[in-house]
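I opened this notebook to record what I looked up in the structure. The entries below concern contacts, core, aromatic rings and surface.

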Amino acid sequence: NIYFDFNPPVITEPSVLVAEFSTGVGEVPSDRGFIVYPSPASSDLYVEVPWRATVRLCDVSGRKVIGPLLVNGRERMELNGLARGSYLLHATGAEGQSATRRISVE
């Protein structure tokens with residue numbers, strides 16, 4: 001029955017809903033070990049990735065600012081000439097791993 005305000009109920013036919021597709025949530029790739037420091041940064045940024053990755057730095061609108069850089073372990077990224085503000089650092093691995101970190105530049 002469906003009730004609208006204080007009116008008598010509207011009687012409806014019974015129904016059955018059958019989901020014919022998976023409603024589960026897939027496995028989320030782990031980005032543990034993807035470390036970026038210091039933040040806020042001024043001239044250099046250090047990136048540590050536990051897998052071989054392509055890294056790029058983008059502004060908050062998604063425009064690429066630096067990269068792509070190949071990182072395997074720990075690498076230093078020079079930030080000379082960047083304007084102050086927030087940026088996004090994206091890492092993408094060859095086996096589908098991906099992670100994003102927000103950083104601030106002073």
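I took contact to mean heavy atoms within 4.5 Å. The model is predicted, so I accepted local features at pLDDT of at least 70 and side-chain atom pairs at pLDDT 80 or more, while totals for chains, interfaces and linings use all residues. Numbering starts from 1 along each chain as its sequence is written, and side-chain values use heavy atoms, without hydrogens and water.

Entry on Leu79. Setting aside neighbours within four places in sequence, I listed the contacts of leucine 79: Ala41, Ser42, Ser43, Asp44, Leu45, Leu57, Ile66 and Val105.

Entry on the core. I looked up the largest nonpolar core (buried Ala, Val, Leu, Ile, Met, Phe, Trp, Tyr and Cys residues joined through side-chain atoms within 4.5 Å; buried is under 20% relative accessible area, exposed over 50%, partly exposed in between, with a 1.4 Å probe and protein chains only). Among its 21 residues, Leu57, Leu79 and Leu89 touch the most other members. Two or more residues each come from β2 (44-59), β3 (64-78), β4 (85-93) and β5 (98-105); strands are DSSP runs of E, at least two residues, numbered from the N terminus. β2 gives the largest share, seven residues.

Entry on aromatic rings. I searched the whole structure for aromatic pairs (ring centres of Phe, Tyr or six-membered Trp within 6.5 Å; stacked under 30 degrees, edge-to-face over 60, the rest tilted) and found one. Tyrosine 37 and tyrosine 46 are stacked, at 5.7 Å centre to centre and 20° between the planes. Tyrosine 37 counts as partly exposed because its relative accessibility is 29%; tyrosine 46 counts as partly exposed because its value is 24%.

Note on methods
Helix = DSSP H or I, 4+ residues; strand = E, 2+ residues; numbered from the N terminus.
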